[in-house]
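This report introduces a protein chain to a reader who has not met it before. Please keep the sequence and the structure in view while reading.

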Amino acid sequence: MQYPKNITKKNFYSNKVDTIKLTFDAKFNDIDEEALIQSAILRQIDKSINNSIGTFHEQVLGGIKGFEVGNLSGFDIKAVDDTLFADIHYYNIDKHYEEAIFNRLAHYAKFYKKAKLYLVEILAEDSFCEKWSIEVGDGKYSHKQIYKISIDQFYALLSKQNDAYFQLYKSLPIVIKDFLSSIDENDIKVKAML
């Protein structure tokens, strides 16, 4: 079995791997160990890519004049004048984690009374910017400073350009092609092994 570049069975098992789950998957789904490992490696790669995409958005948005990457401030993006703070999420957020994020934003709102605080959804189904309300028990809670926003609307908000996200999307294939053609293949292999 050939694994993706720079990944071996040995370094696969050196990561946190649920061997019990692999055994159940193999036996109940009649899948051999090699196919399971290949599938798990691809999931690990996909998870790494998703995390990198979040970092990519932080770097791009933090490069817009007046904004910066949160750098361990508790936020992914913030306005340099502390009028905006944002938490960017790639995955759908489960109910308990959503409540924790909302409460954290509400806590920050106490200290930054003029700030707007955002939960930014990268994989939003629609384009939106709305007051964020959450359901806790039988009640629904919101806060006047806290919003939920899709990534395209967040790019528009920060850049003041309605189609900024679309422009980024259109530019990516060109930029990636230029980048890949400008580096040595050996550099890529060395960096991937680090």
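On the surface of this predicted model, Lys110, Lys113, Lys116, Lys131 and Lys144 form a positive patch. One of these residues, lysine 144, belongs to strand 6, which covers residues 139–150. With a relative accessible area of 66%, lysine 144 counts as exposed, because this value is over 50%.

The chain contains seven helices and six strands. Read from the N terminus, the order of the elements is α-α-α-β-β-β-α-β-β-β-α-α-α. Of its 194 residues, 31% count as buried. In helix 5 (residues 151–159), the buried residues are Ile151, Phe154, Tyr155, Ala156 and Leu158. Lysine 160, just after helix 5, adopts a positive phi of about 60 degrees.

Aromatic rings form 11 pairs in the structure. In one of them, phenylalanine 75 and phenylalanine 85 are tilted, with 4.8 Å from centre to centre and 45 degrees between the planes. This pair links distant parts of the chain, 10 residues apart: phenylalanine 75 lies in the loop between strand 1 (67–69) and strand 2 (77–79), and phenylalanine 85 in strand 3 (residues 84–89). Phenylalanine 75 is buried at a relative accessible area of 4%, and phenylalanine 85 is buried at 2%. Ring pairs also join Phe75, Phe85, Tyr108 and Tyr112 into a cluster.

Side chains of opposite charge can pair when their charged atoms come close. The whole structure holds six salt bridges; the table presents three of them.

| Salt bridge | N to O distance |
|---|---|
| Lysine 21 and aspartate 25 | 2.6 Å |
| Aspartate 82 and lysine 78 | 2.8 Å |
| Arginine 104 and aspartate 87 | 2.0 Å |

The pair of arginine 104 and aspartate 87 ties together parts that are 17 residues apart in sequence, because arginine 104 lies in helix 4 (residues 95–111) and aspartate 87 in strand 3. Arginine 104 is partly exposed, with a relative accessible area of 26%, whereas aspartate 87 is buried at 6%.

Lysine 21 and aspartate 25, by contrast, both belong to helix 2 (residues 19–28), where they are four residues apart, about one turn of the helix. Lysine 21 is partly exposed at 44% relative accessible area, while aspartate 25 is buried at 17%.

Aspartate 82 is partly exposed, at 28% relative accessibility, and lysine 78 is buried, with a relative accessible area of 11%. Together with Glu68, Lys78 and Asp82 make up a network of salt bridges.

Conventions. Residues are numbered from 1 along each chain as its sequence is written. This is a predicted model: local features need pLDDT of at least 70, side-chain atom pairs count only at pLDDT 80 or more; totals for chains, interfaces and linings use all residues. Side-chain values use heavy atoms; hydrogens and water are left out. Patches are made of residues with over 30% relative accessible area and no salt bridge: like charges are joined within 9 Å, nonpolar side chains (Val, Leu, Ile, Met, Phe, Trp, Tyr) within 5 Å. Accessible areas come from the Shrake-Rupley method with a 1.4 Å probe; for residues, only the protein chains shown count as cover. A salt bridge is a side-chain nitrogen of Lys or Arg within 4 Å of a carboxyl oxygen of Asp or Glu. Lys and Arg count as positive and Asp and Glu as negative; His and the chain ends are not counted. The place of a charge is taken as NZ of Lys, CZ of Arg, CG of Asp or CD of Glu. Helices (H or I, at least four residues) and strands (E, at least two) are DSSP runs, numbered from the N terminus. Buried means under 20% relative accessible area, exposed over 50%, partly exposed in between (1.4 Å probe, protein chains only). Rings of Phe, Tyr and Trp (its six-membered ring) pair if their centres lie within 6.5 Å; planes under 30 degrees apart count as stacked, over 60 as edge-to-face and the rest as tilted.
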